[in-house]
Amino acid sequence: MPKDDGIGAATVRREDVRFLTGVGQYTDDIKAYGETVAVFARSTVANGVIKSIDTTTAAGMPGVLAIFTGEDFAEVGGNPAGWLINSRDGTPMHEPKRPVLAHGKVRHVGDAYAAVIAETLEQAKNAVEAIEADIEELDAIVNMKDALAGSNYVHDEIGTNQCFDWGWIEDNRDATDAAIKGAHHVTTLELVNNRLVPNAMEPRSSRAEYKAAGDEYVLHTTSQNPHLTRLLISAFVLGIPENKLTVIAPDVGGGFGSKIYHYGEEALVLAAAKKLGRPVTWTADRTEAFLTDAHGRDHVTKIELAMDAEGNFLAFRTETLANVGAYLSNFSTATPTFLHGTLMAGNYTVPNVYVNVKAVFTNTAPVDAYRGAGRPEATYSLERVIDKAAREIGRDPIELRRQNFIKPDQYPFASAAGLEYDSGNYDALMDKMEEVADMAGFAARRKASEAKGLLRGFGVNAYIEACGIAPSNLVGVLGSRVGLYDAATVRVNATGNLSVMVGAHSHGQGHETAFPQVVAEMLGIDASTIDIVHGDTSKIPFGMGTYGSRSLAVCGSAVVRATEKVINKAKKIAAHMLEVSDGDIELKDGQFSVAGTDKSVSFGEVALKAYIPHEFPLEDIEPGLEETAFYDPANFTYPSGAYCCEVELDPETGKVSVERMTAVDDFGNVINPMIVTGQVHGGLGQGIGQALLENTTYDENGQLLSASYMDYTMPRADDLPFYTVDHSQGNPCTHNPLGVKGCGEAGAIGSPPTVVNAVIDAMQSGGKNVTHIDMPVTPHRVWSAMQNA
Amino acid sequence: MKLSDSRTINADATTVWAGLLDPEVLKACVPGCTEMSGSASDGFEATVVQKVGPVKATFKGAVQLSEMNEPTSLTISGEGKGGAAGFAKGGADVRLEPQGDTTILHYDVEAKVGGKLAQLGSRIIDGFAKKMADQFFENFSNAVGEADPESAEGIEETTKKKGWFKKLVS
């Protein structure tokens with residue numbers, strides 16, 4: 001029977017009440033006396049020298065309170081990259097400064113070079129129009145191959161457009177080369193992982209207040225990661241002491257990665273608020289979101305798969321160009337390297353893997369982690385080339401994968417790409433997928449499609465990802481400049497209700513519902529008495545934020561540890577109340593009882609006693625009932641899945657529609673199956689969007705041509721099928737206390753190759769020998785490929 | 001964006017050449033032009049109000065003439081800044097080929113747009129540019145040339161449309 005409370009219950013999301021009734025509090029909703037508005041002057045050219053900026057006219061315009069240019073921030077620090085990558089020759093990556101406002105040069109369309117603070121939005125916009133900037137346009141660097149070949153640099157001071165040239169694992173290079181050279185069959189595929197704009201529903205917004213009385217700042221901002229934002233502003237950019245700066249991420253309308261990072265606008269509003277002594281708010285319009293949010297993906301890859309005569313995988317070798325845009329966003333160097341290269345063994349026992357990634361500066365918006373972050377790129381390359389290989393050697397794509405799967409008795413399994421997978425059962429996932437997708441009925445469905453003049457294709461994919469980032473000791477060795485633990489405080493109030501302060505930030509993930517389920521289960525109390533507090537650095541001990549499907553695996557584990565500490569202390573109090581030793585106390589269903597007797601006190605009585613400690617043994621127990629834990633994971637977690645889909649393709653027009661989509665995932669234990677299903681649905685929508693519709697297009701001058709919903713095609717409900725989602729095949733994570741693996745990104749990782757494999761299959765079924773097509777698989781591309789086949 | 005075409009103008013090459021260099025003619029012929037000043041030798045300053053798809057803006061720009069081989073060819077280059085709407089810049093190589101009493105005007109335009117114009121208007125910019133060129137040359141033909149006797153409209157309005165510029169210079 002499904003539970004109706006605690007771990008495993010499909011509890012309805014409590015936060016949805018405020019979201020759906022319009023009473024959520026977003027950054028731009030926060031208002032106080034004396035509000036002012038910031039608007040940025042942004043470059044209309046992709047690459048240019050700032051000759052002069054004349055703000056005289058603008059400064060005299062109605063309502064204008066202050067104008068800032070790059071000159072005002074020339075002396076403060078830059079926004080750093082969070083991960084140091086060393087090139088194959090051992091040299092460190094190039095890290096050009098990323099200033100608050102562009103200074104000297106503008107480097108992408110949308111690069112802010114000035115900001116106006118005015119009484120109203122309209123006045124600020126008018127004044128921005130009146131700023132006279134003399135910017136001499138230079139040739140734009142857009143294409144990555146040209147960028148590496150040319151002598152025109154995004155950052156002149158580093159004298160190259162190559163950020164780094166990374167090899168993983170460099171020691172495996174020769175063995176991989178040898179395996180490919182001696183292989184019976186090598187399949188090669190060149191592909192593009194298309195650049196995506198995150199498109200959170202709420203655009204970025206930042207609002208700063210300065211409180212002169214205490215020389216204190218409060219920054220409200222659309223962040224997935226308020227503590228990291230505070231740390232970066234304090235330690236690197238403005239130097240405001242951490243104890244003088246509160247960063248609050250209130251309700252945030254989606255992030256998908258783009259709000260992990262610190263952006264210059266946050267620093268600007270802080271500086272402006274201090275200068276004016278008034279609150280300053282900036283809220284991006286949709287065009288600014290397109291131009292300046294960190295984009296995702298944008299890899300150009302060549303992958304080779306070597307096999308022996310029996311179809312056993314001998315080696316994967318990839319060469320990838322990864323676009324990092326004009327500046328290094330905080331995790332931009334980790335995404336194409338350690339979040340990508342380490343996954344290039346997939347679900348397979350392949351003995352040799354070598355990955356080469358060259359990161360390239362271009363005059364485009366910065367590129368960083370976007371839902372899946374590196375792992376979708378890895379999965380896409382692997383699962384596309386495996387499908388191609390199966391076709392080349394005449395094998396069933398599912399059977400070829402199964403033959404090479406890691407088997408359940410091989411865990412823990414050291415992958416050839418350097419990770420140690422703790423648990424999984426890929427054959428069981430595939431079995432379940434074949435069952436719930438009704439694969440047996442495919443032939444009949446194909447016939448029915450053909451009767452309508454349509455081609456029907458079947459595509460399959462197996463993925464593994466690394467979530468719950470990550471052991472600080474490991475990532476430290478790999479170049480991370482931060483630790484990747486998380487923290488939680490469980491505060492039991494005197495009247496028995498709880499506030500749980502968590503470092504993870506919820507901006508759609510449902511933490512306010514799921515985390516109380518964990519605590520309620522452990523304490524045996526009603527989850528409705530437990531509230532989650534998140535997103536406020538003044539209330540929460542510390543946090544490393546929400547990304548990489550880490551919240552439950554890492555922060556949830558911290559919640560467990562803190563709750564265990566609360567239970568231990570509560571047992572001592574109960575033992576004192578019941579006049580026994582704490583070893584005799586058992587906690588069950590919210591009651592502390594003496595083993596083997598009918599003597600007990602309730603959780604609520606213990607809580608009250610903790611705060612009214614009359615007759616308390618103060619030498620043994622402190623008053624109060626509040627505990628904090630920091631949790632640093634022992635390993636990544638490794639969710640995996642088997643996905644398949646069926647597409648219908650109209651050979652007359654090239655239009656593809658996804659008719660059936662099945663996702664069978666191993667997320668380990670599941671706290672709230674309804675939320676997990678919702679997360680998978682969202683990921684599938686984004687993955688199908690990438691596969692069929694979404695594309696970010698810069699022209700040769702670095703102008704962003706797809707900067708609105710007229711040209712950037714977001715998936716709509718009628719582009720998506722009903723999904724079959726199953727997470728019954730969980731193999732618990734072996735190293736975190738909840739046995740959870742993370743589910744936030746899976747759908748976006750597993751679906752793109754599934755869809756494209758199905759499109760290829762559909763074209764093949766129509767007698768067209770097309771072996772590759774790049775995403776997005778638009779009608780034009782499909783039609784053209786079929787004409788040329 | 002590239003645009004190449006040619007137009008037959010009912011005037012001799014000298015008249016066409018003079019028209020191309022005259023700010024008053026250009027002001028009357030550039031669609032949406034509200035101000036035009038300057039000279040062929042020093043360059044022109046122009047203000048043009050135009051709507052490109054969803055983007056409406058006032059463009060202020062400078063136009064330079066170069067490579068001038070009277071009356072056979074010249075190069076026009078310029079840049080218009082539309083503030084928040086972005087910018088348009090480019091050039092045109094113009095060649096005049098006499099043919100009897102008329103002149104064939106050949107042009108090769110290369111232009112680019114940036115900012116909001118590119119972000120919101122890129123899909124329609126080619127069509128827009130062609131429309132602008134069509135309008136310009138229609139206006140220009142009317143200004144400097146004899147009306148086309150082949151067109152019904154021309155027959156009806158011959159007197160009215162009889163090349164006001166040509167009357168001034170001839």
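## Helix α14 of chain A

In this predicted model, helix α14 of chain A covers residues 511–523, which makes 13 residues. From its first C-alpha to its last the helix reaches 18 Å, close to the 18 Å expected at 1.5 Å a residue. A:Gly524 follows α14(A) and has a positive phi, near 70°.

α14(A) is mostly covered, with 12 of its 13 residues buried. The buried residues include A:His511, A:Glu512 and A:Glu521, as well as A:Phe515, A:Val518, A:Val519 and A:Leu523. A:Pro516 and A:Gln517 are also among them. The buried residues of α14(A) pack against strands β19 (486–492), β20 (498–502) and β21 (530–534) of chain A, and against helices α15 (551–578), α16 (603–611) and α17 (673–692) of chain A.

## Helix α15 of chain A

One of the elements that α14(A) packs against is α15(A). The 28 residues of α15(A) should span 40 Å at 1.5 Å a residue, and the end C-alpha atoms are 38 Å apart, which agrees. Because 20 of its 28 residues are buried, α15(A) is largely enclosed by the rest of the structure. Just after α15(A), A:Glu579 takes a positive phi of about 60°.

## Domains of chain A

Chain A is divided into domain 1 (18–138 + 201–254 + 259–292), domain 2 (299–469 + 635–788) and domain 3 (485–631). Between the C-alpha centres of domain 1 and domain 2 of chain A the distance is 35 Å.

In the contact between these two domains, 22 residues of domain 1 of chain A meet 23 residues of domain 2 of chain A. On the side of domain 1 that touches domain 2 of chain A, 10 residues are nonpolar, seven are polar and five are charged.

## A five-stranded sheet in chain A

Five strands of chain A form an open sheet in the order β7-β15-β14-β13-β8, with mixed pairing. Its edge strands are β7 (162–168) and β8 (185–193) of chain A, each of which pairs on one side only. On average, neighbouring strands of this sheet are turned by 10° against each other, direction ignored.

At one edge, β7(A) runs antiparallel to β15 (residues 352–361) of chain A, and six bridges join the two strands. A:Asp165 has A:Lys358 as its bridge partner in β15(A). Helix α9 (residues 375–393) of chain A packs on the sheet, where it touches β8, β13 (299–307) and β14 (313–325) of chain A. The direction of α9(A) makes about 140° with that of β8(A).

## Composition of chain B

Chain B has six helices and seven strands. From the N terminus on, the order of its elements is β-α-α-β-β-β-β-β-β-α-α-α-α. Of the 170 residues in chain B, 34% are buried. Among contacts in chain B between residues at least 6 apart in sequence, 49% join residues at least 24 apart.

## Strands β2, β3 and β4 of chain B

Strands of a sheet pair through backbone hydrogen bonds, either parallel or antiparallel. In chain B, β2 (residues 33–39) and β3 pair in the antiparallel sense over six bridges, and three residues lie between them in a hairpin. B:Glu35 has B:Thr47 as its bridge partner in β3(B). β3(B) also pairs in the antiparallel sense with β4 (residues 55–69) of chain B, over nine bridges. In β4(B), B:Val63 is the bridge partner of B:Phe44. The hairpin of β3(B) and β4(B) has two residues between the strands, and B:Gly53 takes a positive phi near 55° there.

In a regular strand the side chains alternate between the two faces of the sheet. Along β3(B), residues 43–52, B:Phe44, B:Ala46, B:Val48, B:Gln50 and B:Val52 point to one face and are buried. B:Gly43, B:Glu45, B:Thr47, B:Val49 and B:Lys51 point to the other face and are not buried. The bridge partners named above thus touch on both sets: B:Phe44 belongs to the buried face, whereas B:Thr47 belongs to the other.

## Contact between the chains

The contact takes 13 residues from chain B and 14 residues from chain A. β7 (102–114) and α3 (116–121) of chain B each supply at least two residues of the side of chain B that touches chain A. The largest share of that side, four residues, comes from α3(B). By class, the side of chain B that touches chain A has four nonpolar, six polar and three charged residues.

Methods. Residues are numbered from 1 along each chain as its sequence is written. Chains are lettered from A and ligands numbered from 1 in the order in which they are written. This is a predicted model: local features need pLDDT of at least 70, side-chain atom pairs count only at pLDDT 80 or more; totals for chains, interfaces and linings use all residues. A residue is buried if 20 or more other C-beta atoms lie within 10 Å of its own, exposed if 12 or fewer, and partly exposed in between; C-beta atoms are placed from the backbone. Two strands pair if DSSP finds at least two bridges between them. Two residues are in contact if their C-beta atoms, placed from the backbone, lie within 7 Å. Ala, Val, Leu, Ile, Met, Phe, Trp, Tyr, Cys and Pro count as nonpolar, Asp, Glu, Lys and Arg as charged, and the others, Gly among them, as polar. The expected span of a helix is 1.5 Å times one less than its number of residues. Axes are lines fitted to C-alpha atoms, for helices over the stretch in contact, and angles run from 0 to 180 degrees between N-to-C directions. Domain bounds come from an automatic or database domain assignment.
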